[in-house]
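Here is a small set of exercises to work through with the structure open beside you. Try each task before you read its solution.

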Amino acid sequence: MKVTEPDRIDRIVERLAELPAVEQVEPLAEGICDRISVIGRRLMLRSKESLDEFGISWREWQVLTNLVLGGETPRSPSDLASTLMIATGAMTNVLDRLAEGDLIRRVRNPADRRSVIVEPTDAGVQLWYAAVNGLGAHEAEVVSVLTKPEQEQLNSLLRKLLSGLADGD
């Protein structure tokens with residue numbers, strides 16, 4: 001599929017380039033960054049809508065993902081908060097909601113009885129698998145407008161672009 005018609009971003013970048021005081025904006029870079037930003041917002045919106053079908057929020061999804069993919073590594077609430085870059089109080093709220101839904105449990109840390117670690121329950125793992133498959137189906141639908149070689153090329157280019165940023169993880 002070849003898209004040759006200018007879109008909304010092209011028109012905005014064109015108008016921006018015509019402004020006399022705008023000297024440091026390179027139109028091609030602006031178009032690329034604007035499109036990545038819009039795609040990111042739209043993907044996030046679709047992901048949140050998909051997760052709503054499973055009764056969990058984006059943040060709850062992130063916690064379950066960290067727990068399921070973390071393997072046997074014990075995760076404390078403060079470790080999860082740090083990983084997800086949220087305040088510990090906010091993490092407590094997320095963990096409370098997940099515990100109320102029987103998706104996680106807090107257990108005493110065997111290495112330090114003064115602290116707790118967070119583990120997914122069987123129900124939490126099952127929900128995570130269902131949700132990851134739902135999200136995967138949505139993602140496959142999004143990229144289906146590209147051929148497999150285009151998808152591979154885009155993935156490679158985005159990896160390269162991401163590696164050029166200071167915090168590329």
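**Exercise 1. Is R15 buried or exposed, and which surface patch does R15 help to form?**

Solution. Keep in mind that the model is a predicted one.
- Step 1: Take the accessibility. R15 has a relative accessible area of 52%; exposed means over 50%, so R15 counts as exposed.
- Step 2: Locate the residue. R15 sits in helix α1.
- Step 3: Look for its partners. Together with R8, R11, R41 and R42, R15 forms a positive surface patch. The elements that contribute two or more residues to this patch are α1 (8-18) and α2 (27-52). Helix α1 gives the largest share, 3 residues.

**Exercise 2. Find the nonpolar surface patch and say which helices supply at least two of its residues.**

Solution.
- Step 1: List the members. L28, I32, I36, L154, L158 and L161 make a nonpolar patch of about 510 Å².
- Step 2: Assign the helices. At least two residues come from α2, and at least two from α7 (148-163).
- Step 3: Check one member. L28 belongs to helix α2, and its relative accessible area of 60% makes L28 exposed.

**Exercise 3. Trace the salt bridges of R35 and work out which parts of the chain they tie together.**

Solution.
- Step 1: Recall the principle. Side chains with opposite charges can pair when their charged atoms come close.
- Step 2: Take the pair with D7. The side chains of D7 and R35 form a salt bridge, at 2.8 Å from N to O. Because D7 lies in the segment before α1 and R35 in helix α2, this pair ties together parts that are 28 residues apart in sequence.
- Step 3: Take the pair with D10. Here too a salt bridge forms with R35, with 2.8 Å between the closest N and O atoms. D10 is in helix α1 and R35 in helix α2, so parts 25 residues apart in sequence are tied together.
- Step 4: Compare with the surface. R35 is partly exposed at 28%, D7 is partly exposed at 30%, and D10 is partly exposed at 31%.

**Exercise 4. Which residue pairs with D96 in a salt bridge, and where do the two partners lie?**

Solution.
- Step 1: Find the partner. D96 meets R106 in a salt bridge, 2.8 Å from N to O.
- Step 2: Place both ends. The pair links distant parts of the chain, with D96 in helix α5 and R106 in strand β1, 10 residues apart.
- Step 3: Check accessibility. D96, at 30%, is partly exposed, and R106, at 34%, is partly exposed as well.
- Step 4: Set the pair in context. A search of the whole structure gives 7 salt bridges.

**Exercise 5. What is the sign of phi at M85 and at D102, and where do these residues lie?**

Solution.
- Step 1: Recall what to expect. Most residues other than glycine have a negative phi.
- Step 2: Examine M85. Its phi is positive, about 55 degrees, although M85 is not a glycine. M85 lies in the loop between α4 (77-84) and α5 (88-100) and is exposed at 72%.
- Step 3: Examine D102. Its phi is also positive, about 55 degrees. D102 lies in the loop between α5 and β1 (104-109) and is partly exposed at 47%.

Technical notes:
Residues numbered from 1 in each chain as written. Predicted model: local features only at pLDDT ≥ 70, side-chain atom pairs only at ≥ 80, totals over all residues. Heavy atoms only, no water. Patch = residues over 30% accessible without salt bridge, like charges linked within 9 Å, V, L, I, M, F, W, Y side chains within 5 Å. Areas by Shrake-Rupley, 256 points an atom, 1.4 Å probe, with all protein chains shown as cover. Salt bridge = Lys/Arg side-chain N within 4 Å of Asp/Glu carboxyl O. Lys, Arg positive; Asp, Glu negative; His and termini not counted. Charge placed at Lys NZ, Arg CZ, Asp CG, Glu CD. Helix = DSSP H or I, 4+ residues; strand = E, 2+ residues; numbered from the N terminus. Buried < 20%, exposed > 50% of the residue type's maximum accessible area, 1.4 Å probe, protein only.
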